[in-house]
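I sat down with this one to look up a few charged and nonpolar spots, and I kept notes as I went. Here is the model I had open.

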Amino acid sequence: MSHSTTLYRARRIITMDAAQPSATHVAVAGGRIVAVGGAELEREYGSADPLFAEAVLTPGFVEGHAHSMEGMIWKLPYVGFHDRIHPDGHLVEGCASVDALVRRLRRLERDLEQRDETLFAWGYDPIYFQDKPMRRDLDAVSESRPVVLFHSNLHLITANSVALQRAGIHRGNVIDGVYVDQDGEPNGELAEFAAVFPVLRAVGDPIFHAQDDPEGLRRFGKSCLRAGITTTADLYNSLDAPVVDMFTAVTAEEDFPARIVPALSTLNLSAEQVRARVAELPDYNHEKLYFGAVKIITDGSIQGYSARVRRPYINGVENGVWCDAPSRLQDMMRALHAADIKLHIHVNGDQASELTLQAFAEAIAESGPRRRHVLQHAQMMDARQLQHAAELGLINLFANHTYYWGDQHRDATVGPHLAPRMNAARTALDAGLEIAIHCDAPVTPMGPLFTAWCAVNRRTASGREHGLQECITPFEALRAVTLGPAISLDLDDCIGSVAPGKLADFTALDDDPLRVAPADIRDIGVLGTVLGGRWQGGQ
């Protein structure tokens with residue numbers, strides 16, 4: 001089949017292709033790039049379409065670590081500390097004090113129609129409050145219905161007494177991950193799946209086991225488009241049959257604006273079950289859906305004090321929670337590596353990173369090199385670990401943490417010595433690692449330009465400079481939201497740079513991220529995206 005060719009010209013095209021780093025014209029046919037260059041292309045392809053004449057084009061942004069829950073979770077009310085933009089575009093104000101949080105919860109509770117309905121809300125982050133709300137504060141919202149807050153990190157929840165009672169959690173039944181007060185009573189805070197899921201099974205689970213939500217997936221697509229993202233990972237999914245069917249149908253819709261790379265969660269599965277499921281899933285792949293990857297979660301959240309660290313947190317909390325037994329985690333990694341299955345491994349704490357690096361070294365020794373796996377977050381890896389990672393895999397750093405929790409990491413979690421070297425992008429690059437940087441939506445908002453700004457400037461929400469020795473250049477940051485994550489997703493043969501033969505995926509910006517002042521990168525406007533040669537517009 002022949003395809004007509006469209007030639008676009010732009011103020012500038014940043015290609016991320018070493019053979020031709022910059023251009024002004026790109027020719028597109030059949031959804032792919034056929035030529036990249038300057039005005040000379042008009043002699044071959046005719047006059048250029050001026051749609052992007054005033055814009056700067058980059059490769060379509062690639063979000064290498066996000067979750068489709070970014071769209072699905074908005075069916076719940078937001079009660080986070082920071083203001084957030086809803087996928088539909090309107091501002092939702094944050095709750096900047098405990099009083100504001102409780103007032104919002106009481107209003108929400110009054111609006112519930114069914115007397116026994118659970119009140120859920122999301123985005124809560126107790127580390128911002130000196131006296132963080134606990135079970136008794138939520139009891140003040142309701143003593144007759146369950147009240148459950150999902151923390152912004154999605155590794156913890158806080159529940160009221162009704163919710164705990166229904167889950168059978170009490171002083172005599174305190175399992176790992178259930179935090180207690182000075183009297184030994186559960187204080188309402190629960191960390192990681194072994195503690196969280198019993199509560200959700202008792203009072204309802206609106207997100208983790210409710211992912212066959214087509215409207216939520218469409219909202220996720222809207223968030224991608226608004227941020228200029230043309231390809232995104234979905235790095236935690238049960239991928240059971242209804243979810244797979246829904247993903248297949250919704251992403252195939254003509255106006256769905258992004259490609260998605262879901263990863264199968266290993267939670268509650270054996271290695272053999274994972275292998276069998278991964279073998280089936282690629283049958284559903286199409287041009288906007290890429291199954292085949294797997295997600296392993298080793299530890300929890302640093303700001304939730306559940307990440308596995310090598311020394312106690314500075315407030316005296318011990319060194320976190322394993323999401324599974326270390327021996328089982330290592331066995332899973334070795335078995336799936338031997339099967340040549342792509343792995344994305346959640347590691348926040350340096351102890352979790354050490355376990356993972358050791359597992360990969362053993363896996364390679366046992367079964368030889370396979371595809372390279374990705375350490376996701378890798379926030380506390382030191383120089384030695386990063387050097388080791390350069391030999392074994394890739395990393396995707398959580399750059400946004402510097403802004404959202406840099407102050408808290410310095411003052412409340414790991415302390416002033418370790419916090420400034422978190423998300424060590426400069427050290428990683430100097431070690432020879434290919435890196436990506438990410439937002440982990442819905443933990444933080446989707447926005448690759450903001451993520452790039454975080455990695456370039458390393459400023460906290462209070463304006464404090466935070467580990468400037470780990471700053472990277474604007475070009476390195478732009479690569480880390482385009483070609484870097486494309487490599488991490490094993491899609492760099494078709495996305496991540498503007499080069500002949502690749503998919504015609506572009507992000508159109510109103511200014512040049514390599515020529516504005518570094519402090520202004522986050523303020524550049526996204527005009528819209530092109531996906532497979534089709535203009536998506538902006539929202």
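My entries follow, place by place.

**Entry 1, before anything else.** I reminded myself that this is a predicted model. I then looked up the salt bridges and found a count of 36. Side chains of opposite charge can pair when their charged atoms come close.

**Entry 2, D116 and R166.** I picked this pair to begin with. D116 forms a salt bridge with R166, and their closest N and O atoms are 2.6 Å apart. The two residues are 50 apart in the chain, and the pair links distant parts of it: D116 sits in the loop between α3 and β8 (119-124), while R166 belongs to helix α5 (residues 161-166). I also checked how much of each partner is accessible. D116 counts as partly exposed at 45% relative accessibility, and R166 is partly exposed too, with a relative accessible area of 39%.

**Entry 3, R277 and E280.** Here I wanted a pair within one helix. The side chains of R277 and E280 meet in a salt bridge at 2.8 Å, N to O. Both are in helix α9 (residues 271-280), and because they are three residues apart there, about one helical turn separates them. Which of the two is buried, and which is partly exposed? R277 counts as buried, because its 19% relative accessibility is under the 20% cut-off. E280 has a relative accessible area of 41% and is partly exposed.

**Entry 4, D350 and R311.** Next I went to a bridge with a network around it. D350 forms a salt bridge with R311, the closest N and O atoms being 3.8 Å apart. This pair also links distant parts of the chain, 39 residues apart: D350 lies in helix α11 (residues 350-367), and R311 lies in the loop between β15 (293-297) and α10 (326-338). I noted 0% relative accessibility for D350, so D350 counts as buried. R311, at 42%, counts as partly exposed. Which residues are linked in a network of salt bridges here? I wrote down R310, R311, D350, E354, D382 and R384.

**Entry 5, a positive patch.** I moved on to the surface. R103, R106, R107 and R110 form a positive surface patch. I looked more closely at R106, which lies in helix α3 (residues 98-111). R106 has 37% relative accessibility and counts as partly exposed.

**Entry 6, a nonpolar patch.** What makes up the nonpolar surface patch of about 260 Å²? L51, L527 and W535 make it. I looked up L51 and found L51 in strand β4 (residues 49-59). At 43% relative accessibility, L51 counts as partly exposed.

**Entry 7, D212.** My last stop was a loop residue. D212 lies between α6 (193-203) and α7 (214-227). With a relative accessible area of 42%, D212 is partly exposed. Leaving out residues up to four places away in sequence, I listed what D212 touches: P242, V243 and M246. I also took the distance to A233: D212 and A233 are 17 Å apart in space, C-alpha to C-alpha, and 21 residues apart in sequence.

Note on methods:
Residues numbered from 1 in each chain as written. Predicted model: local features only at pLDDT ≥ 70, side-chain atom pairs only at ≥ 80, totals over all residues. Heavy atoms only, no water. Helix = DSSP H or I, 4+ residues; strand = E, 2+ residues; numbered from the N terminus. Buried < 20%, exposed > 50% of the residue type's maximum accessible area, 1.4 Å probe, protein only. Contact = heavy atoms within 4.5 Å. Patch = residues over 30% accessible without salt bridge, like charges linked within 9 Å, V, L, I, M, F, W, Y side chains within 5 Å. Areas by Shrake-Rupley, 256 points an atom, 1.4 Å probe, with all protein chains shown as cover. Lys, Arg positive; Asp, Glu negative; His and termini not counted. Charge placed at Lys NZ, Arg CZ, Asp CG, Glu CD.
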